[in-house]
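Me: I would like to go through the terms used for this structure and see what each one rests on. Could you take them in turn?

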Amino acid sequence: PIESVISAARELADGNAGVRVPTYSKFIPEEFQELGTGFNAMARDVSSHLAERKRVVETLRESEARFRAVVENAGDALFLVDPSGEIVDVNHAACNALGYTRQELLDLSVCDIDADLDAEKSVVLMNTLRAGSPVTVESNYRRKTGTTFPVEIRIVLLELGPRKLMLALARDMTDRKQDLQKLLQAQKMESLGNLAGGIAHN
């Protein structure tokens, strides 16, 4: 009887949470029956714990997959940056906007893609961020080709246990800037037209 408990304990240790030992037989002494009952109760607890752990892991994987799907399909470029300014993750929009592959971007720092940012400014920005308090800034991003374009960046600090990361969502402002420039030009021409009309009238 004791050999069956030892064998079952080894199976349990190897991950077989469904293992059980017989607890009643006229050939098994009463004290070993009690040992078997105690072992089976422990095995059931282990099985329940493993099932709950598996459920939690599966739930986390599903949640991570949904989050990744949302991130990858986002229209804005997304960057995760560590305190030293190194890029640790990006989405497809970031790759498309800058003309890099994902791996190429992961080999760069944020200063390599932000034409208006240097290492010192990056550290200052990280130190001014507070968890849960987003900051919006304007800058110019540099493509792999060397050309630049204006962006509006919404930045928030993420505290993942002891680790801190900067989440940046960057939106291309080229069209908006061009529209604003056209509006200002139209207003300027209207003002000049009014001024010219006033002079002619006088």
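Reply: Gladly, with the reminder that this is a predicted model.

Me: Why is the contact between Asp76 and Arg171 called a salt bridge?

Reply: The side chains of Asp76 and Arg171 come to 2.9 Å, N to O, and because the cut-off is 4 Å between a side-chain nitrogen of Lys or Arg and a carboxyl oxygen of Asp or Glu, the pair qualifies. Asp76 lies in the loop between helix 2 (30-72) and strand 1 (77-81), whereas Arg171 belongs to strand 5 (residues 163-172), so the salt bridge ties together parts that are 95 residues apart in sequence.

Me: What makes Asp76 buried or exposed?

Reply: Its relative accessible area is 19%, and since buried means under 20%, Asp76 is called buried. Its partner Arg171, at 40%, counts as partly exposed, as that value falls between the limits of 20% and 50%.

Me: How do you know that Asp89 is paired, and with which residue?

Reply: Asp89 forms a salt bridge with Arg102, their closest N and O atoms being 2.8 Å apart, which is within the 4 Å allowed. Asp89 sits in strand 2 (residues 87-90) and Arg102 in helix 4 (residues 102-106), so this pair ties together parts 13 residues apart in sequence.

Me: What makes Lys144 and Glu104 a link between distant parts of the chain?

Reply: Lys144 is in the loop between strand 3 (135-142) and strand 4 (148-160), while Glu104 is in helix 4, 40 residues apart. Their closest N and O atoms are 2.9 Å apart, again within 4 Å, and the pair is therefore a salt bridge.

Methods
Residues are numbered from 1 along each chain as its sequence is written. This is a predicted model: local features need pLDDT of at least 70, side-chain atom pairs count only at pLDDT 80 or more; totals for chains, interfaces and linings use all residues. Side-chain values use heavy atoms; hydrogens and water are left out. Helices (H or I, at least four residues) and strands (E, at least two) are DSSP runs, numbered from the N terminus. Buried means under 20% relative accessible area, exposed over 50%, partly exposed in between (1.4 Å probe, protein chains only).
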